Structures are given as structure tokens and as C-alpha cells.
Amino acid sequence: MRIAVDAHGGDFGLEPNIEGAAKAARDFGLEVVFVGDADRINAAVQKFGLASDRRLSVMPAACVAGMGAEPVQELKDKPDCSVMVCADLVKRGKADALVSAGNSGATMVAAFLKLGRIKGIPRPAIAVPLPTAAGVCLLLDAGANVECKPLHLLHFAAMGSVYAREVLGLENPSVGVLSVGEEESKGNALVKETIPLLKQSGLNYKGPVEGRDIPAGTVDVVVCDGFTGNIALKLYEGAGKAVVQIIRQEVEKRPLAKLGMLLALPAFRAVKSIINPDRYGGAPLLGVDGVAVISHGRSNSEAMHNAVRCARHTVKSGVNAKIRAEAARIGEIFKSQTQQ
């Protein structure tokens, strides 16, 4: 298996990308092709003592998509940038998946332009695994589609169910639609119009869920529009870090608490590890006809290692073929809606 990595993506430059992806190549027995400025990549490879590792190769790219740039215009101006080259490698069968911690919008656009959509899926979605009290919950869409129709959320639920089952190992995953209450009478028009579709879908639909139900692990898959999902994701990550910081501050104020903290340190470290977003590393862009994993901009080497692992698991699971089959099943149920 070969994974194309956008070497320059992310806030910390190419070194953590190279270090993390190279470790993934060793750990999981795969090849990695680093895409970007060949001279700078080779210099970093030399620095980490990886020049003789035959699992690593370099594909030159003329430029890099800017982190803060408007995605569509940026790719029009830079059609040969590193993330576009990564997507092209997947399209031509020269790589099995792409991973980027760069401009997430540019990664989505590049994957969509080069790979296209899976037949029957109207919109791709970013699917983010989140730690919960019950294990893990898959949230989608986490930012690919700011505005959605009920049909889009139906397909997000179908894709999320397939991914949760095939990649996360959740048997018959339960599904909920994110709303402002558990009652079906609450919520906006999008939620209210999505509920009947989910009830008829044949999925393991449990009903509307609230934001507090996500960390509780009430359901395995939560669907929403990308605007709401991205806010929920960032709040989730920020709250986890804040809780850790607050606990540390309060312990520092109390001498006896420091003693108790020493005894509880293994458990505290375990909790910190569980809520660390680097644990998952990346989120798959479900619905494109190929495997693309979007890692967060602050990715360190651990996050990139796990993003490559995520790409490997997604490829090995054959999840896209199963999504294609699920889309066909959903399409048969909702023939009239799919014409919209």
C-alpha cells in the first residue's frame, strides 16, 4: 500500500509530517510518497536518518496551497500544488490514499475535483471520530458542507454507519440527528425534514440527540450540517483541553491535592490520552471515489502517524465499495428524493 502525504501541510512545517509518516511506514509495512519541495523534503529525510529507507519516496510539486487561502481560487491559481498532486496520484492509481494537514478546504476541493463522487452520494462529508464515555462516536459532517438538505444528512448517516461498522468495528451502529432537544417537534426545518427519511432508511436510527449526548456516547453516529458540525467539533476539542488545564490549576492551589494527584497520575494521563485529538490523527472525507484523510492544521508527528494509520485502515476495509452499495440501497428506497 502506498500513501501520498502532502509534506508541507499544517502549521508546523514538513518535519513532523515526515517524522510521523515515516514511522507509520515502518509500523504498518506500507510505502509513503512525500509530495512537495523535493530539496526541502530530502533535507528533512536526511536529518531524520531516513535516506536509506526504501519505503519512502519523493514526488516534486511546484507549490503549496496556502493555509488561509480561499480553496477554490487557490487551486485555480495553483493547479500543480502539493495537495493536487497527491489527489492526482490517487486518481491514477499511483497511490492508494492521500493525507494532508494543510488547508482542509483545499484538500476537499482537490479530492472532489480529481476523484469525483461515489455514485449515488450527492455530497461528500468529513467524518470525525470523537472519544466518548462509551468509546467513540462518529460526527459528520464536520465542515465540508455549510448548507445541507435533508437528503444530504440521510446519506451522511448511511456513509457514517458503513464507516463506523467497517473501520471502527461498531456492530449495527446507532444513528442520531443533532438537534436542540430529543423531541421530534424541536429543531429547525432541516432536522424536522430529515427525521422521516432516517426513519424509513433501514438504518439503526434512534432519534434526535442533543450536544451533550455526543460525549455521553448515546449513539454511534451523529449527523448534522457542516456548519453545526464544525462548531461542535471545535467546542469538543477546546472543552477537553480546558478541563485538563482547569484540573491542573486547581491541583496547584491545594498541597494535599498534589499528593492525591501523584496517586491518580496514571489515570489522569490515560484520560488526557483518550481526549487528545492526535489519537485519531485525521478524518476521512467520505463520499469521494477514493480515500482522502484530512488531518488538523496543528498536527504533530503523532497526529500524522495516526492520520496515515487511518488512511491505511480505510483502504483495507474497502469502505468505498460498501458505501457505493449502501447508496444504491438508499436510492431504491428514496427514488423521488434522489432526483432533487
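Here is a short back-and-forth about this predicted model and the reasons behind its labels.

User: What makes the protein chain as compact as a globular protein of its length?
Analyst: The chain carries 12 helices and 12 strands. Its radius of gyration is 21 Å, and the globule rule gives 20 Å for 340 residues; the two are close, so the label holds. As for extents, the C-alpha trace spans about 65 × 60 × 35 Å along its principal axes. And 52% of the 340 residues count as buried, with under 20% relative accessible area as the cut-off.

User: Why is strand 8 called largely enclosed?
Analyst: Count the residues: strand 8 covers 174–178, and 5 of the 5 are buried, so the rest of the structure largely encloses it.

User: How do you know which faces of strand 8 are covered?
Analyst: In a regular strand, side chains alternate between the two faces of the sheet. Here Ser174, Gly176 and Leu178 sit on one side, with Val175 and Val177 on the other, and all are buried, so both faces count as covered, given that buried means under 20% relative accessible area.

User: What makes strand 8 and strand 9 a pair?
Analyst: Pairing takes at least two bridges, and strand 8 shares 5 with strand 9 (residues 204–209), in the parallel sense. For instance, Val177 has Pro208 of strand 9 as its bridge partner. Strand 10 (residues 221–223) passes the test too, with 3 parallel bridges to strand 8; there, Val175 is matched with Val221.

User: Which elements make up the right-handed β-α-β unit?
Analyst: Strand 8, then helix 7 (residues 189–200), then strand 9. The handedness label fits because, with the strands pointing away from you, a path running clockwise over the helix counts as right-handed.

User: Why do strand 3 and strand 5 count as edges?
Analyst: The open sheet has 7 strands in the order 3-2-1-4-12-11-5, with mixed pairing. Strand 3 (56–60) and strand 5 (125–126) each have a single partner strand, so one side of each lacks a neighbour in the sheet. Within that order, strand 1 (residues 2–6) and strand 4 (residues 97–100) are parallel over 3 bridges, among them the one linking Ala4 to Leu98.

User: What makes Val146, Phe227 and Ile231 a nonpolar patch?
Analyst: To join a patch, a residue needs over 30% relative accessible area and no salt bridge, and nonpolar side chains are joined within 5 Å. These three form such a patch on the surface, with about 300 Å² of accessible area together. Phe227 belongs to helix 9 (residues 226–253).

Definitions and conventions
Residues numbered from 1 in each chain as written. Predicted model: local features only at pLDDT ≥ 70, side-chain atom pairs only at ≥ 80, totals over all residues. Heavy atoms only, no water. Buried < 20%, exposed > 50% of the residue type's maximum accessible area, 1.4 Å probe, protein only. Helix = DSSP H or I, 4+ residues; strand = E, 2+ residues; numbered from the N terminus. Patch = residues over 30% accessible without salt bridge, like charges linked within 9 Å, V, L, I, M, F, W, Y side chains within 5 Å. Areas by Shrake-Rupley, 256 points an atom, 1.4 Å probe, with all protein chains shown as cover. Salt bridge = Lys/Arg side-chain N within 4 Å of Asp/Glu carboxyl O. Rg over C-alpha atoms; globule rule 2.2 N^0.38 Å.
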